[in-house]
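Dear colleague,

I am passing on the structure below, together with some notes on what turned up in it. Please look through it first and then read on.

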Amino acid sequence: MGGTEHLTVQREGATLVLTLNRPEAKNALSLPMLVGLYDGWLEADEDDEIRSIVLTGAGDAFCAGMDLKALAGRGMEGQQYRDRLKADPDLHWKAMLRHHRPRKPVIAAVEGHCVAGGTEILQGTDIRVAGESATFGLFEVKRGLFPIGGSTVRLQRQIPRTHALEMLLTGRPYSAREAAGIGLVGHVVPDGTARHKALEIAELINACGPLAVEAVKASVYETAEMTETEGLAAELTRGWPIFDTADAKEGSRAFTEKRPPVYRRA
């Protein structure tokens with residue numbers, strides 16, 4: 001497992017847990033964090049034993065966005081990672097899930113501040129859990145900035161456009177309950193339990209056929225902007241091969257025999 005000084009990596013069974021680990025700065029994005037995040041997504045993609053990912057933050061925050069001192073050119077921690085960014089100028093966008101979509105489901109476990117770049121990363125996750133005191137928002141316009149992590153494109157596809165525009169144009173904070181009400185997050189749980197709830201959801205996913213899970217996720221995103229006719233055709237292309245897998249046969253046998261299935265990604 002990888003990780004950096006600002007991104008910790010743990011295994012919880014078949015789940016890879018990535019923790020933004022810069023609590024003294026409310027987990028504001030740094031170069032070490034971005035490099036660690038991207039490496040974490042790659043590790044999950046390449047390791048077939050990993051079936052889901054939980055993304056969370058250390059301390060009392062998820063992510064307070066970009067380190068503005070770094071954005072202003074006043075230095076960024078982790079100068080040793082500069083070569084990685086030079087070799088792949090797109091690395092930061094991949095880390096923030098703007099230009100990369102992991103094959104495995106990503107579950108966000110949010111406590112505290114999840115604002116600016118934090119809310120932008122959130123939009124790249126698949127399932128979202130928030131503690132009751134979590135705060136969301138895209139504050140860029142208040143600072144004369146543009147939410148270039150994908151929010152002007154993604155947010156209106158994930159929540160009603162009127163809510164997307166209000167969030168984007170006012171730069172105001174949103175409570176966890178309000179975020180759930182507009183569909184930005186799916187679960188609101190007592191403070192301090194978001195990670196536990198996310199891992200519970202991950203375990204439900206991990207118990208399913210991994211080839212089926214990955215194909216379903218891919219189909220949902222692939223068909224999102226297609227016409228219904230195009231989407232249904234693409235769904236068949238993705239879905240039919242799953243019925244011929246050994247995992248599909250194992251799932252049917254296990255159901256008949258009233259036992260948990262043992263999937264082997266075959």
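Setting aside the neighbours within four places in sequence, V110 is in contact with F62, L122, V129, A130, G131, A134, F136 and A194. Please keep in mind here and throughout that this is a predicted model. V110 is also listed among the residues with the most contacts inside the largest nonpolar core, which has 47 residues, and the others in that list are L18, L37, L55, F136 and L184. Helix α1, residues 31-46, supplies the largest share of this core, namely eight residues. A second core of 13 residues is separate from it, and includes I107, V129, A198 and V213. In soluble globular proteins, nonpolar side chains tend to be buried together.

The strand that holds V110 deserves a closer look. In β5 five of five residues are buried, and the strand is described as mostly covered. Its two faces are both covered, since V106, A108 and V110 on one side are buried, as are I107 and A109 on the other. In a regular strand the side chains alternate between the two faces of the sheet.

Which strands pair with β5? One is β3, which pairs with β5 (residues 106-110) in the parallel sense over four bridges, with L55 standing opposite A108 and T56 opposite A109. The other is β7, residues 127-131, which runs parallel to β5 and is joined to it by four bridges; there, I127 is the bridge partner of I107.

Within β7 lies A130, and this residue is buried, its relative accessible area being 0%. Apart from neighbours within four places in sequence, A130 is in contact with V110, F136, A176, V185, H187, V188, V189 and A194. A130 and R177 lie 47 residues apart in sequence, while their C-alpha atoms are 8.9 Å apart in space.

Turning to β3, residues 52-57, we again find a strand that is mostly covered, with six of its six residues buried. S52, V54 and T56 point one way from this strand and I53, L55 and G57 point the other way, and all of them are buried. β3 also pairs with β2 (residues 15-20), in the parallel sense and over six bridges, and in that pairing V54 is the bridge partner of V17. Together with helix α1, the strands β2 and β3 make a β-α-β unit that is right-handed.

As for α1 itself, is it enclosed or open to the outside? Of its 16 residues 13 are buried, so the helix is largely enclosed by the rest of the structure. From its first C-alpha to its last α1 reaches 23 Å, close to the 22 Å expected at 1.5 Å a residue.

There is also an open sheet of four strands, in the order β4-β6-β8-β9 and with mixed pairing. Its edge strands are β4 (61-63) and β9 (174-175), each of which pairs on one side only. β4 and β6 (residues 113-115) run parallel and are joined by two bridges, in which H113 of β6 is the bridge partner of A61. Strands of a sheet pair through backbone hydrogen bonds, either parallel or antiparallel.

The last element I would point out is helix α11, residues 228-243, where R238 has its place. The 16 residues of α11 should span 22 Å at 1.5 Å a residue, and this agrees with its end C-alpha atoms, which are 22 Å apart. Even so, α11 bends by about 25° at T237, and a proline, P241, follows within four residues.

Why is R238 counted as partly exposed? Its relative accessibility is 36%, and the class of partly exposed residues lies between the buried ones, under 20%, and the exposed ones, over 50%. Leaving aside neighbours within four places in sequence, R238 is in contact with A215, A218, S219 and E222. The last of these, E222, is 16 residues from R238 along the chain, and the C-alpha atoms of the two are separated by 9.8 Å.

With kind regards

Notes. Residues numbered from 1 in each chain as written. Predicted model: local features only at pLDDT ≥ 70, side-chain atom pairs only at ≥ 80, totals over all residues. Heavy atoms only, no water. Core = buried A, V, L, I, M, F, W, Y, C linked by side-chain atoms within 4.5 Å. Buried < 20%, exposed > 50% of the residue type's maximum accessible area, 1.4 Å probe, protein only. Contact = heavy atoms within 4.5 Å. Pairing = 2+ DSSP bridges. Right-handed = clockwise from strand over helix to strand, strands pointing away. Expected span 1.5 Å × (residues − 1). Bend = angle between axes of the 7 residues up to and from the residue.
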